[in-house]
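Reader: I have a new structure open on my screen and would love some company while I look through it. Could you take me around it, one question at a time?

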Amino acid sequence: MDEAERLAEGGAVERFVVDGPPGTGKTTTILRSLEPGVPVATYTRAAAQEVRQRGGVAGTIYSLTWPHAQHYSKTQGRSGRESVAYQTRPIYNSADPALERYEAEAPSLKPRSDWEGTAMALHDWDGQGEPPFDLDRLPPVGPLRYVLPLARWLAAGAPLATPPYEEAIIDEAQDISAIEYAGMRACVSRKLTSYGDPGQAIFIESKGTSSTALPAVWRDKGATHRQLVGGWRVGDPVASLAARTLAPYWDRSADTFAAEHPTEVLVWDHRLAPARGLVLGHSRFSVGAALREWGLANTPVVSGVDAPLRLSSIHGAKGAEADDVFLLPWPNKQRPAVLRKEPWTLKLLYVAMTRARKRLHIPMSLMGML
């Protein structure tokens, strides 16, 4: 029985989209409502582990759909990635080889695959109608390793190799593509609930979604939308500044996520290293440059390594928070994008600002643009 027949027999899957701004407790809400056996598509190991402890089934969208899609691939793919030094320990000093590797492995330096454009087009396909390519002529390699089998499965009518999940949950739904959403819908029989924040959709451009478009889940006209309200992390005036910054892309009121405590906006001299807190840079290169300029030792360059002072790119800091957050100056060549209010840079700023609990420190050059 394919997806169309399943829908005709049992009715369309109920779909709910829960918009959870920063600090409103998306993960807590998921865990409180979670019932044993309900699968959760999540992107962090810590969240996955906690879901499993509550009796849920946690994994990526690809691992949850793979039992069905694997029959449409000539490869079993690879699971997981090797941890490298900078992901698990502080950088010892500016001469530490781990710092060089951190910068050398920046996504912007990754060689473009010949199949990258094809993969992006497949990601932007919602599984309806004809696929954008002749799927039989494509190899499941590189960026096509998982998305191509998923596309082939959907094009074949999404036949299920195992019984469907009655209910499923998607965490961080702003980061999933149209085809990933279609894949999850196809393996659920009754209810699919997606949690996320369009303002934090800083990865979807790499999956073929236009930076001006909303994530695929928020474009689902058949879904019922709900709003989490009541923040505990970031208060005013930072919450209001973050909401105004994001408004040209996603207009939400600061009242939906502002905490009761204040979060101050302060100007800081970025030439002086802070003693503690979370320092956020536009890229890995700005993070590396700050570490060298300040002459720091035993300082991590990823937000997940515990230390009094942590440095991280904004992309690497989603889910992180600190009492004091320091923004590094925006690169000169990227400043016009802020002034033009381009969505991708507004979302980056919004994510960076909303990591702060008590104080947000902004360099004068960036404060002037905001």
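Author: Happy to! Keep in mind that this is a predicted model. A good place to begin is a pair of strands: β8 covers residues 259-268 and β12 covers residues 356-363, and they pair in the parallel sense over five bridges.

Reader: Which residue of β12 does E264 stand opposite?

Author: β8, residues 259-268, pairs with β12. Looking across from E264 into β12, the residue opposite is R359.

Reader: What is the strand order of the open sheet that holds β8 and β12?

Author: This sheet has six strands with parallel pairing. From one strand to the next, the twist averages 25°. Reading across it, the order is β7-β8-β12-β11-β9-β10.

Reader: Why is one side of β7 and of β10 left without a neighbour in the sheet?

Author: β7 (235-237) and β10 (309-313) stand at the edges of the sheet. One side of each is left without a neighbour because each has a single partner strand.

Reader: Which helix lies across β8, β9 and β10?

Author: Here β9 is the strand at 277-281. The helix in question runs at about 150° to β10 and spans residues 284-294, which makes the answer α11.

Reader: What is unusual to look for at the bond from D236 to P237, cis or trans geometry?

Author: As background, most peptide bonds are trans. P237 lies in strand β7. The bond from D236 to P237 has omega near 5°, and its geometry is cis.

Reader: Are α10 and α13 roughly parallel or roughly antiparallel?

Author: Helix α10 takes in residues 238-246 and helix α13 residues 343-353, and their axes come within 9 Å. The axes cross at roughly 165°. Angles over 145 degrees count as roughly antiparallel, so α10 is, relative to α13, roughly antiparallel.

Reader: Which residues of α13 do V238, L241, A242, T245 and L246 meet?

Author: Those five names belong to α10, and the crossing of α10 with α13 is left-handed. On the α13 side, the residues they meet are L346, K347, L349, Y350 and M353.

Reader: Let's move to the other sheet. Which strands are at the edges of the open sheet that contains β1?

Author: This sheet also has its strands in parallel pairing, in the order β3-β2-β4-β5-β1-β6. Its twist averages 20° from one strand to the next. The strands that pair on one side only are β3 (57-59) and β6.

Reader: How many of the six residues of β1 are buried?

Author: β1 runs through residues 14-19 and is joined to β5 (residues 188-196) by six bridges, with V17 opposite S194. Four bridges join β1 to β6 (residues 224-227), where D19 stands opposite Q227. The strand is largely enclosed by the rest of the structure, because its count of buried residues is five of the six.

Reader: Which residue of β5 is the bridge partner of E167?

Author: β4 and β5 run parallel and are joined by five bridges. Following the bridge from E167 into β5 leads to K191.

Reader: Which helix packs on this sheet, touching β1, β4 and β5?

Author: The direction of this helix makes about 140° with that of β5. The helix covers 178-186, and its name is α9.

Reader: How far apart are the C-alpha atoms of E166 and L328?

Author: E166 is found in strand β4 (residues 165-170). Leaving aside residues up to four places away in sequence, E166 touches V188, S189, R190 and K191. L328 is 162 residues from E166 along the chain, and the separation of their C-alpha atoms is 46 Å.

Reader: Where is E172, and is its phi positive or negative?

Author: Most residues other than glycine have a negative phi. E172 is in the loop between β4 and α9. Although E172 is not a glycine, its phi is about 50°, which is positive.

Reader: In which loop is K341 placed?

Author: K341 is not a glycine either, and has a positive phi of about 60°. Its place is in the loop between α12 (335-339) and α13.

Reader: One last stop: why do the buried residues of α2 line one face of the helix?

Author: In α2, residues 26-33, the buried residues are K26, I30 and L31. Seen down the axis of α2, they line one face because they fall within an arc of 130°.

Key. Residues are numbered from 1 along each chain as its sequence is written. This is a predicted model: local features need pLDDT of at least 70, side-chain atom pairs count only at pLDDT 80 or more; totals for chains, interfaces and linings use all residues. Side-chain values use heavy atoms; hydrogens and water are left out. Buried means under 20% relative accessible area, exposed over 50%, partly exposed in between (1.4 Å probe, protein chains only). Helices (H or I, at least four residues) and strands (E, at least two) are DSSP runs, numbered from the N terminus. The arc is that of the directions from the helix axis to the C-beta atoms. Two strands pair if DSSP finds at least two bridges between them. Axes are lines fitted to C-alpha atoms, for helices over the stretch in contact, and angles run from 0 to 180 degrees between N-to-C directions. Contact means heavy atoms within 4.5 Å. Angles under 35 degrees count as roughly parallel, over 145 as roughly antiparallel, 65 to 115 as roughly perpendicular and the rest as oblique. A crossing is left-handed if the near helix is turned anticlockwise from the far one by less than a right angle, and right-handed if clockwise.
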